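Grab a pencil and work through two short exercises, one on cysteines and one on enclosed space. Try each task before you read its solution.

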Amino acid sequence: MGSIFRSEEMCLVQLFFQTETAYCSVNQLGELGLVQFRDLNPGIITFQRKFVNEVRRCEEMERILRFLEKEMTKANIPVIESTENDKAPCPRDVIELEGAFEKLEKELKEINTNQEALKNNCLELTELKFLLQITEDFFEEAESQLSSSELPSEESVYVTGFSRRHSSTSGGGRLKLGFVAGVIKRERFPAFERLLWRVCHGNIVLRHVQINIPPEDPMANDFISKDVFIVFFQGEQFKNKVKKICDGFHATLYPCPETLHERMEMSVGVNMRIEDIHMILVQTEKHRKNLLLSAAKNVHKWNVKVKKMKAIYYTLNLCNIDITQKCLIAEIWCPATDLKKVHCTLTKEASRNGSTMPPILNRIEAKQTPPTYNKTNTFTEGFQNIVDAYGVGNYREVNPAPYSIITFPFVFAIMFGDCGHGLIMAIAAAGMILYENQHGSKKKNNEILRILFHGRYIILLMGLFSIYTGLIYNDCFSKAFNIFGSAWSVRPMFQPNGHWNNETLQKSAVLQLNPAELGVFSGKPYPFGIDPIWNIAVNKLTFLNSYKMKMSIILGMLHMLFGVVLSLLNHMYFKELNNVFLQFIPEIIFMTALFGYLVFLIIFKWCQFTAAESEIAPSILVHFINMLMFNYSDHTITSFYCKQRTVQTFLVLLALLTVPWMLLIKPYLLNNAYQRKKHLFSFGDTFVQQAIHTIEYCLGCVSNTASYLRLWALSLAHAELSEVLWNMVLHNGFSSNQGLNAIGLAIIFAMFAVLTVAILLVMEGLSAFLHALRLHWVEFQNKFYKGTGYKFIPFSFTDICKR
């Protein structure tokens, strides 16, 4: 039996290599991707292992790389992915790589710190600049109000803005005024204003105005919600109160000279400093961007190297250290067919590194059940994933994936049978296959596209099989093909041979063809698929119901019977002869005696009765129920063949005999075998387990056979939805009396295309896919597939770098 039908034969190998060359040897095994390491130190906690410091060093480098990628994202700099296979650095190169990372991180952090400090300084200077520009009018107005001994009312305090007026002095007159100027966030100003008024009892003048900055200015976002304010007061007591309130509301206070000349000099100095800082910020940002651009060319390579280094040291921690500290011992799972390849690779690596001791591989006996490894390629990977989603197979048991390559898309196509829809699906899948490399980056970022690309070959086969079943159903967008000519003819029903005439056609809404009339039915079936005349028949649904229901029973029976036969291959491979005679044989007899006979009745009725005898043909369902109930009292029921009662009674008794055969004999034989060997044995547990299996199988044959009727139900649902969509959209557009122009027909066709893709391809396709999945998992695989194993996960850099 080839490996495609069973999991690969695995072997447990003990591996010895020198400590000096251990890193390079494990590196080569990671590139090879054929071995899985076992943990030989399960009782030792992580931080007590030998290479834990190296692992932590790699984690620190990963942290630095994440910091670099974060900075690149902020600066909108894309990471350049390398297509080369970047090797893991040698241990002596790790220190140099680590130093480069630390230097780069330190330089970036210094740039960020200096940039942040410059931005804060620029922000403060810009606020001071606007404060000096805006406060000129505040001085003049406040002086004129207080010098005239008019204290402002609470309503007059709030001022939204002033026009610019130049004054020669900010003080003078009969009163000496003190003032405090600053900047506050706009949402805090109303509360700030109320508190100042209440604390100072109205003995202040408060003025404020919004900061207006051009949107193109790089500092514009920082001033969207800020106001410049100035508070005029008299006396040191008010000054202290105002400053405390400003501190409480986190308002920023700035020094403002009292004379116009000093304010102008300060404004000139502030503008010069702002220009200098802007120039420095531009140069700093340019330097930072160049640094990140340089790092972006290598960050993907660095990530790959660090991941490989970390994986190597993590794997070395799974090994044992010899007492001499000069040798590492590892145990690996490896496919038996690849053992020579692994040995040659390690030997070449040891020779290249000048090792004095070549690697030693000893195949040892494994007490643990080996992992399950099924070799796949691009085509079979999707089907194997479907099987593994149900459960990873036991070691060396029959693998359902090769058989599912045919059965899965075929079962799907039975429910999705429409050659038009199947053609669209096949073209879409072929497009994904042809343009896979071009759209590789997009599928990584989009989960739905990634799932579709992984299943592109499954979708392709589902589309091709749907084309085939669509031709069998003679269904293309709910329309039929008439390629070979119908086997039915209307002409013999007209006079002089028949009794139809033109008056009959005008008066009758529905006419029935009589197959008993000579020439109406040729007696020859349509060469391929269903006769197209059924597409216009009023009893089309009745005919298709009968046809597809019986077809579902036949295909379901064959599918389940095939699953039972595969269980025989497992019993023979594992040399379980008891299961062959006590499980497989009674199971196959039970299924064929009852449901195999049901299939026989269906085929016999198709062959025995012609179209003219369809009305007098006996009911299969009635006969099958009477067979199970031993009910033969109704003599009006037509028999299919002579001696039918004797055959049916024998088959039911034979099926009933298999129940105690499966239930009692196997526990009894196991009990005797264990007693001869004097081993402990629980007859009760074995009997209960066997009883559960027997009941599950017998009832499962009934429920699983009925479950295959979903093939009939979903096929009819898909055909009816397709017909409804045609009649309600496209047919109405073509038969409209309003005379739609080309634009109107184009819109109607676009609606038809969108609804076809959304409803019939996506929704109906997903529904048929899920039902096909259930039929394979529950009805097919449970006959032979246990799925309780664990997957072989090789130490592979390819898989590690994808994470």
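## Cysteines and cavities

Before you start, keep in mind that this is a predicted model. Now to the first cysteine: C642 is exposed, with a relative accessible area of 65%.

**Exercise 1.** Work out how many disulfides the structure holds, and explain why C607 is not bonded to C642.

*Solution.*

Step 1. Recall the cut-off: two cysteine sulfur atoms have to lie within 2.5 Å to count as a disulfide.

Step 2. Start from C607 and look for the closest cysteine sulfur. That sulfur belongs to C642 and sits 17 Å away, which means it is too far for a bond.

Step 3. Turn it around and start from C642. The nearest cysteine sulfur is that of C607, again at 17 Å, so C642 is in no disulfide either.

Step 4. Give the total: the structure holds zero disulfides.

Step 5. Add the surroundings. C607 counts as exposed because its relative accessibility is 66%, and C642 is exposed too, at 65%.

**Exercise 2.** Find the largest cavity and describe what lines it.

*Solution.*

Step 1. Count the candidates: there are three cavities of 30 Å³ or more.

Step 2. Pick the largest one, which has about 180 Å³ of space.

Step 3. List the lining. It takes in 16 residues, and Y473, N474, N535, K540 and L544 lie nearest the centre.

Step 4. Trace the lining back to elements. Helix 16 (540–573) and helix 21 (710–734) each give two or more residues, with helix 16 giving the most, at three.

Step 5. Sort the lining by class: seven residues are nonpolar, three polar and six charged.

Notes
Residues are numbered from 1 along each chain as its sequence is written. This is a predicted model: local features need pLDDT of at least 70, side-chain atom pairs count only at pLDDT 80 or more; totals for chains, interfaces and linings use all residues. Side-chain values use heavy atoms; hydrogens and water are left out. Buried means under 20% relative accessible area, exposed over 50%, partly exposed in between (1.4 Å probe, protein chains only). On a 1 Å grid over the protein atoms alone, a cavity is a set of points where a 1.4 Å probe fits but cannot get out, and a pocket is an open set with protein on both sides within 12 Å along at least five of seven lines; lining residues have an atom within 4 Å of a point. Grid points are joined across faces, edges and corners, and a volume is the space filled by probe spheres set on the points. Helices (H or I, at least four residues) and strands (E, at least two) are DSSP runs, numbered from the N terminus. Ala, Val, Leu, Ile, Met, Phe, Trp, Tyr, Cys and Pro count as nonpolar, Asp, Glu, Lys and Arg as charged, and the others, Gly among them, as polar.
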